[in-house]
Amino acid sequence: MSTIRRFRAMDLFRFNNINLDRYTETYDVQFYLNYMCKWPDLFTVAESPADTLMGYNMGKLEGEGELWHGHVTALTVAPECRRLGLARGLMRGLEEASEKIHNCYFVDLFVRPSNSVAVSMYEAMGYILYRQVIDYYMSDGVMPSEYAYDMRKALPRDVDKKSIVPVKHPVHVEDTFF
C-alpha cells in the first residue's frame, strides 16, 4: 500500500528513479522548491511502505476570473510502479485541492500526443482535448519536437462547462499564458 503526501525538500534527493522517464520534464532545484513553497497542497508524492518514492504530481494555480484553475506541471510514476493506479490517485488529489481548497473552474495540463498511455488515462478521467499548442515541446536530443495537447477537465464551479469548449484551431505557445 502506498501513501500520498506533500512533497518535502529532502525528496529532491530521492526521486531520480522517477525522473529518468523520457516523457518526464526535469527542472532545476529552485523550480521544485518554488512549487513546494507556493503550492504545497498541489505538489504531492506517492511513497511505498519501504519509503521509496513511486511518483509525484507537481501543480500550480493560475489565471483570473473564469480562467482561475489548477495546472498540472508534471505527473510521473517510476516505471516499476506503473499500472497500480498511482497516477490517477495523484491526479485526484490535485483535482480535489483545486476544487475544494482553491475553488477553481477547471484543471488543465499539457501532454505529448505521442504519450498515448497518458492521453488515454486523462481521457478516462474526464479530460478533453481543449486545443493543440504548436511547437510546445522542443527537441532535447532524446525526444523530438512536438506540439502539445492542452487537456482540460471542468470542476463543479464551472456549472456551464465554459472552460472546456474546444478551440478549433491550433495556437502558439505565447497564446497559452494566463
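Here are some short exercises, each with a worked solution, on the predicted model above.

Before you start, note that residues are numbered from 1 along each chain as its sequence is written, and that side-chain values use heavy atoms, with hydrogens and water left out. In this predicted model, local features need pLDDT of at least 70 and side-chain atom pairs count only at pLDDT 80 or more, while totals for chains, interfaces and linings use all residues.

**Exercise 1. The faces of α2**

Find which residues of helix α2 are buried and what covers them.

Solution.
- Step 1: Helices (H or I, at least four residues) and strands (E, at least two) are DSSP runs, numbered from the N terminus. Buried means under 20% relative accessible area, exposed over 50%, and partly exposed in between (1.4 Å probe, protein chains only).
- Step 2: In α2, residues 29–38, the buried residues are Tyr32, Tyr35 and Met36.
- Step 3: Looking down the axis of α2, these buried residues fall within an arc of 100°, so they line one face of the helix. The arc is that of the directions from the helix axis to the C-beta atoms.
- Step 4: Turn to the other side of α2, and you meet Gln30, Cys37 and Lys38, which are exposed.
- Step 5: The cover over the buried residues includes α1 (16–19), β2 (43–47), β3 (53–62) and β4 (69–77). Contact means heavy atoms within 4.5 Å.

**Exercise 2. Walking across the sheet**

Work out the strand order and locate the edges.

Solution.
- Step 1: Two strands pair if DSSP finds at least two bridges between them.
- Step 2: Eight strands make an open sheet with mixed pairing, in the order β1-β2-β3-β4-β5-β7-β6-β8.
- Step 3: β1 (3–6) and β8 (171–172) are the edge strands, each pairing on one side only.
- Step 4: At one edge, β1 and β2 are antiparallel and share four bridges; Arg6 stands opposite Thr44 in β2.
- Step 5: Now try β7 (residues 146–154). Eight of its nine residues are buried, so β7 is largely enclosed by the rest of the structure.
- Step 6: β5 (residues 106–111) runs antiparallel to β7, joined by six bridges, and Val111 stands opposite Tyr149. β6 (residues 128–137) also pairs with β7 in the antiparallel sense, over six bridges, with Tyr137 and Glu146 as bridge partners.

**Exercise 3. The nonpolar cores**

Identify the residues with the most contacts inside the largest nonpolar core, and the element that supplies its largest share.

Solution.
- Step 1: A nonpolar core is a set of buried Ala, Val, Leu, Ile, Met, Phe, Trp, Tyr and Cys residues joined through side-chain atoms within 4.5 Å.
- Step 2: The largest one has 42 residues, and Tyr56, Met91 and Tyr122 have the most contacts inside it.
- Step 3: Its largest share, six residues, comes from α3.
- Step 4: Leaving out residues up to four places away in sequence, Tyr122 touches Leu75, Met91, Leu109, Val111, Tyr127 and Met151.
- Step 5: Apart from this core lies another, of five residues, including Phe110, Val133, Ala148 and Val171.

**Exercise 4. Positive phi**

Compare the settings of Arg83 and Asp135.

Solution.
- Step 1: Arg83 is not a glycine, yet has a positive phi of about 70°. Arg83 sits in the loop between β4 and α3 and is exposed, at 80% relative accessibility.
- Step 2: Asp135, also a residue other than glycine, has a positive phi near 55°. Asp135 lies in strand β6 and is partly exposed, with a relative accessible area of 44%.
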